[in-house]
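Trainee: Could you take me through one part of this model in detail? I'd like to look closely at the sheet and the helices that go with it.

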Amino acid sequence: MADIPYTKSLRDDIRFDTELCGQPFTFLSTWGIFSPREIDDGTDLLLKYLKINPTDDCFDLGCGYGPVGLVMARLAPQGQTLMVDKDFMAVEYANRNAGVNKLANARAMLSNGFQHLDKDARFDVIASNLPAKVGKEMMSILLHDMKHHLKPGGRVYIVTINGLREYMKRNLKEVFGNFDKLKQGQSYTVSYAEKQ
């Protein structure tokens, strides 16, 4: 069994600096949150294809410690960005990272998808690095809730593992009536749809 000093150091915040969408960021994270030491490949690919206007109200579904949501908040300084996660530690670190990066227009809250949001909340952009293992029932709920919570003309950007690309194409077409594959990388695909 590891000694006490070793486990104590593992409890310290993980801190790293990175550049995303041409902007400098500092992130704090901890063990137990997804990809705690660096931006994962799926998120990195998603951010390369995300188009944000300065006044957009943005929503980050499954925010983790906040990289996608905080990039959107930085790119939309005149809008508000809401980040949600069902993991309370992710929400805690996303809020801390909003403070560390001086983004007063971003906040995180605990929610299982859109379940704990005000029914009238509407967004210009919804972005998500969707985990592959949420299951088809939850995926269906999420896609329909995305459409409900988008403003007319609102945009959805989703990155998934390549194994889900046909599923996303089929289901985004069914729910939104449209679909665009923005990029298929080696392991991940970025999908896009609009609320028409």
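**The sheet and its helices**

Mentor: Sure, let's start with the sheet: seven strands make an open sheet with mixed pairing, and the order across it is E5-E4-E3-E6-E7-E9-E8. Keep in mind that this is a predicted model. At the two edges sit strand E5 (106-110) and strand E8 (180-184), each of which pairs on one side only. Go from strand to neighbouring strand and the turn between them is 15 degrees on average, ignoring direction.

Now zoom in on one pairing. Strand E3 (residues 58-61) and strand E6 (residues 123-129) run parallel, and four bridges join them. If you want a spot to click on, take aspartate 60: its bridge partner in E6 is alanine 127.

Next, the helices lying on the sheet. Helix H5 (residues 136-149) packs on it and touches E3, E6 and strand E7 (150-161). The direction of H5 makes about 150 degrees with that of E7. Helix H4 (residues 88-100) packs on the sheet as well, touching strand E4 (81-85) and E5, and its direction makes about 170 degrees with that of E5.

H5 also has a helix partner. Its axis and that of helix H6 (residues 165-176) come within 10 Å and cross at roughly 40 degrees. An angle like that makes H5 oblique to H6, and the crossing is right-handed. On the H5 side, the contact uses Lys136, Met139, Ser140, Leu143, His144, Met146 and Lys147. H6 brings Tyr167, Met168, Asn171, Leu172, Val175 and Phe176 to that contact. Sort the residues of this H5 and H6 contact by character and you get eight nonpolar, three polar and two charged.

There's another helix pair to look at: helix H2 (residues 41-49) and helix H3 (residues 67-75), whose axes come within 10 Å and cross at roughly 20 degrees. Angles under 35 degrees count as roughly parallel, so that is how H2 and H3 are described. Their crossing is right-handed. Thr43, Leu46 and Leu47 of H2 meet Pro67, Val68 and Val71 of H3. That contact of H2 with H3 divides into five nonpolar residues, one polar and no charged.

Last, a bit of context from the record. An unreviewed UniProt entry places "domain: Methyltransferase small" at residues 25-190. Over residues 25-190 the chain is 34% helix and 28% strand, with the end C-alpha atoms 23 Å apart.

Terms used:
Residues numbered from 1 in each chain as written. Predicted model: local features only at pLDDT ≥ 70, side-chain atom pairs only at ≥ 80, totals over all residues. Heavy atoms only, no water. UniProt positions renumbered as here; feature names shortened; annotations may be inferred. Pairing = 2+ DSSP bridges. Axes fitted to C-alpha atoms, helices over the stretch in contact; angles between N-to-C directions. Contact = heavy atoms within 4.5 Å. Parallel < 35°, antiparallel > 145°, perpendicular 65-115°, else oblique. Left-handed = near helix turned anticlockwise from the far one by under 90°. Nonpolar A, V, L, I, M, F, W, Y, C, P; charged D, E, K, R; others polar.
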